[in-house]
Amino acid sequence: MTTSEYEDHQKAERMKANMARIEELTARLTNALAQREQPRASLQAPDSDIFVQATAAFWTEMVKNPSKILEKQLDYWGKSLKHAVEAQEALRSGKLQAPEDSTQADRRFANPLWKTHPYFNYIKQQYLMASEAVNDAVLALDTMTPREKKRLQYFTQQIVDMMAPTNFLATNPDALMKAVETEGESLIKGLENLVHDIEAGGGELLVSLADKEAFKVGENLATSPGKVVFRNRMFELIQYTPTTEKVYRTPVVIFPPWINKFYIMDLKPQNSLIKWIVDQGYTLFIVSWVNPDASYADVGMDTYVEDGYLEAIRVAKDITGEAQVNAVGYCIAGTTLSLVLALMNKRKDKSVRSATFFTTLTDFSDQGEVGVFLEDDFVDGIEAECRENGYLDSFFMSRTFSFLRSNDLIYAPAIRSYMMGEAPPAFDLLYWNGDGTNLPGRMCVEYLRGLCQRDRFASASFPICGEEVSIKDVKHPLCAIACETDHIAAWRSSFRGMSKMGSKDKTFILSQSGHIAGIINPPTKKKYGHYTGTAPEGSPDDWKAAANFNEGSWWPRWDDWLSKRSGAKVAARIPGDSAYPALGDAPGRYVISSKNDDMS
């Protein structure tokens with residue numbers, strides 16, 4: 001057999017093997033899609049009324065001001081035609097080159113071919129011009145309310161982003177080049193990745209953001225030493241092992257959000273907020289919430305307060321022998337902590353000495369970017385899902401937050417995985433992001449209806465544990481850290497909530513970056529700075545304009561604030577005591593088990 005014949009034979013064998021793999025993967029894909037639960041799709045799209053309203057607004061504009069509509073249409077078609085002519089002229093010159101390209105830089109179009117190759121450049125420029133025209137058309141609709149227009153802009157942008165040429169194989173030069181280089185192997189690996197994700201999602205497509213085999217909670221994530229010192233139906237309480245001979249008298253109790261798991265604050269030692277707090281000389285407790293299933297359908301906001309917050313605070317006081325704790329709440333746990341503080345004020349309970357809020361909303365009059373998902377069309381669907389199943393599956397929250405950053409959390413990972421055939425990266429933050437939790441049905445509806453939609457805590461009063469509480473009832477010493485580019489808890493809304501609280505001792509810190517990176521910002525990295533200023537009163541933008549910008553992490557500044565409210569130093573405390581013996585090592589059982597089957 002000649003060399004040429006041998007190479008042809010090898011190619012034929014590879015082709016045969018690849019066809020067999022494709023056949024097998026296609027069968028698996030068909031079986032996986034057959035497992036899809038149809039009701040889930042109803043929660044992923046807005047009510048069609050928003051598009052009906054947009055259509056009506058468009059025709060109203062056409063009748064009232066036809067010249068404005070026609071002017072925009074002519075502007076788009078003029079740009080498009082001009083570009084087509086320029087592209088033809090470039091080709092007519094006899095050179096394979098694109099016309100002049102003055103479009104702005106866009107991470108999606110980083111490959112040089114988008115700028116130099118006539119085919120890809122033409123597609124890119126036409127797409128960007130069409131995107132601009134669509135967005136301009138939405139902005140020009142004057143008969144819609146600002147809230148309606150905001151929603152229309154968001155969902156229109158979702159369609160525009162979905163239609164980007166990078167999202168399709170035939171118009172993605174990176175994917176095409178990789179397919180040629182690998183003789184199609186990248187596409188087969190991409191199909192394998194696609195099938196794997198659909199199988200893992202029970203027929204739904206949720207793009208894997210990280211290599212799930214690269215991490216194990218308790219082994220290379222959440223490794224700060226400590227003990228589980230209490231467990232009930234709602235949470236495990238972890239007390240961390242001290243690293244200093246002396247500790248501040250007043251212990252710290254952190255309440256993380258139960259939408260995700262607490263170990264975002266303990267990914268690895270070098271960026272662990274938990275380790276850092278312990279190293280500063282604090283006795284630290286953290287709540288690790290249970291991951292609820294249908295048996296938690298009865299759990300409401302009252303349950304999280306009574307059996308969660310108040311119980312964790314009671315146990316921390318018992319173990320340390322102290323009369324007070326310093327409490328910390330992150331995101332939704334900060335919102336609920338504010339309810340707890342208001343309730344304690346009503347009950348004359350002095351168990352909390354000070355409170356810190358991380359990226360917390362208490363004033364929902366402006367819901368920020370996430371507000372597009374808080375209209376009745378979505379919330380009605382969530383309520384129906386909770387009523388039917390008793391809980392809201394973590395799938396929905398994961399999908400919702402992903403669509404707030406669809407280019408980064410959906411399309412870019414999908415391109416790498418399905419078109420390029422690359423394995424998901426071993427990235428601890430993205431691994432945590434995919435390790436979501438369910439929400440009890442009753443609690444979910446109470447939170448969305450009473451707090452998010454009706455803004456009862458900030459605008460009137462909210463019922464909790466037999467009391468009616470309001471934001472003015474929060475009178476403890478307070479420190480709030482908000483994040484400048486937070487797309488979940490908008491910093492201006494966080495500021496407004498703080499300004500309405502009844503406390504006379506309020507500190508507000510604005511960190512650079514977003515919901516996670518702005519909080520998990522260790523001093524050693526010196527990556528993001530922060531703003532400090534007067535107490536949070538008046539306009540948030542005026543406050544920021546007058547604030548001081550500080551290089552580096554806000555952690556040391558918070559330590560300075562917290563230490564002044566933590567009492568004298570005492571001998572370091574070993575986790576637990578005779579009344580609360582250790583039930584196991586940190587990070588505990590609840591954070592590892594996805595269903596928490598064994599809660600005894």
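**Exercise 1.** In which loop is Ser513 found, what is notable about its phi, and is Ser513 buried or exposed?

*Solution.* Step 1: Ser513 is found in the loop between strand 13 (506–511) and strand 14 (530–532). The model in which it is located is a predicted one. Step 2: the phi of Ser513 is near 80°, a positive value in a residue other than glycine. Most residues other than glycine have a negative phi. Step 3: a residue counts as buried under 20% relative accessible area. Ser513 has a relative accessibility of 14%, and it therefore counts as buried.

**Exercise 2.** Carry out the corresponding analysis for Ala222: where is it found, what is its phi, and is it buried or exposed?

*Solution.* Step 1: Ala222 is found in the loop between helix 8 and strand 1 (226–231). Step 2: the phi of Ala222 is near 55°, which is positive although the residue is not glycine. Step 3: the relative accessibility of Ala222 is 2%, so this residue counts as buried.

**Exercise 3.** Identify the kind of peptide bond that joins Ala586 and Pro587, and state the place of Pro587.

*Solution.* Step 1: omega of this bond is about 10°, and the bond is cis. Most peptide bonds are trans. Step 2: Pro587 lies in the segment after strand 17 (584–585).

**Exercise 4.** Compare the expected span of helix 10 (residues 301–320) with the distance between its end C-alpha atoms, and describe where the helix bends.

*Solution.* Step 1: helix 10 has 20 residues, and at 1.5 Å a residue it should span 28 Å. Step 2: its end C-alpha atoms are 27 Å apart, which agrees with the expected span. Step 3: at Glu311, helix 10 bends by about 30°. Step 4: just after helix 10, Gly321 takes a positive phi of about 75°.

**Exercise 5.** How do helix 10 and helix 11 (residues 332–347) pack, and which residues make the contact?

*Solution.* Step 1: two packed helices are described by the angle between their axes and the distance between the axes. Step 2: the axes of helix 10 and helix 11 come within 10 Å and cross at roughly 75°. Step 3: angles of 65 to 115 degrees count as roughly perpendicular, and helix 10 is therefore roughly perpendicular to helix 11. Step 4: helix 10 contributes Met301, Val305, Glu306, Tyr309, Leu310 and Ile313 to the contact. Among the residues of helix 11 in the contact are Ile332, Leu337, Val340 and Arg347. Step 5: the residues of the contact divide into 12 nonpolar, 1 polar and 2 charged.

**Exercise 6.** How many residues of helix 11 are buried, and what distance does this helix reach?

*Solution.* Step 1: helix 11 has 16 residues and reaches 23 Å from its first C-alpha to its last, close to the 22 Å expected. Step 2: of these 16 residues, 13 are buried, so helix 11 is largely enclosed by the rest of the structure. Step 3: just after helix 11, Lys348 takes a positive phi of about 60°.

**Exercise 7.** Describe the packing of helix 8 (residues 185–200) and helix 14 (residues 406–419).

*Solution.* Step 1: the axes of the two helices are 6 Å apart, and the angle is about 120°. Step 2: this angle makes helix 8 oblique to helix 14. Step 3: helix 14 takes part through Ser417, Tyr418 and Met419, while the residues of helix 8 in the contact include Leu187, Lys189 and Asp197. Step 4: the residues of this contact comprise 5 nonpolar, 4 polar and 2 charged.

**Exercise 8.** Which residues of helix 18 (residues 491–500) are buried, and what covers them?

*Solution.* Step 1: the buried residues are Trp491, Ser493, Ser494, Phe495, Gly497, Met498 and Ser499. Step 2: these are 7 of the 10 residues of helix 18, so the helix is largely enclosed by the rest of the structure. Step 3: the covering elements include strand 7 (352–358), strand 12 (478–483), strand 13 and helix 19 (540–546).

**Exercise 9.** Describe the surroundings of Thr303 in helix 10.

*Solution.* Step 1: at 15% relative accessibility, Thr303 counts as buried. Step 2: leaving aside its neighbours within four places in sequence, Thr303 is in contact with Met234, Asp298 and Gly308. Step 3: the C-alpha atoms of Thr303 and Cys465 are separated by 8.4 Å, although the two residues are 162 residues apart along the chain.

Terms used. Residues are numbered from 1 along each chain as its sequence is written. This is a predicted model: local features need pLDDT of at least 70, side-chain atom pairs count only at pLDDT 80 or more; totals for chains, interfaces and linings use all residues. Side-chain values use heavy atoms; hydrogens and water are left out. Helices (H or I, at least four residues) and strands (E, at least two) are DSSP runs, numbered from the N terminus. The expected span of a helix is 1.5 Å times one less than its number of residues. The bend at a residue is the angle between axes fitted to the seven residues ending there and the seven starting there. Axes are lines fitted to C-alpha atoms, for helices over the stretch in contact, and angles run from 0 to 180 degrees between N-to-C directions. Angles under 35 degrees count as roughly parallel, over 145 as roughly antiparallel, 65 to 115 as roughly perpendicular and the rest as oblique. Contact means heavy atoms within 4.5 Å. Ala, Val, Leu, Ile, Met, Phe, Trp, Tyr, Cys and Pro count as nonpolar, Asp, Glu, Lys and Arg as charged, and the others, Gly among them, as polar. Buried means under 20% relative accessible area, exposed over 50%, partly exposed in between (1.4 Å probe, protein chains only).
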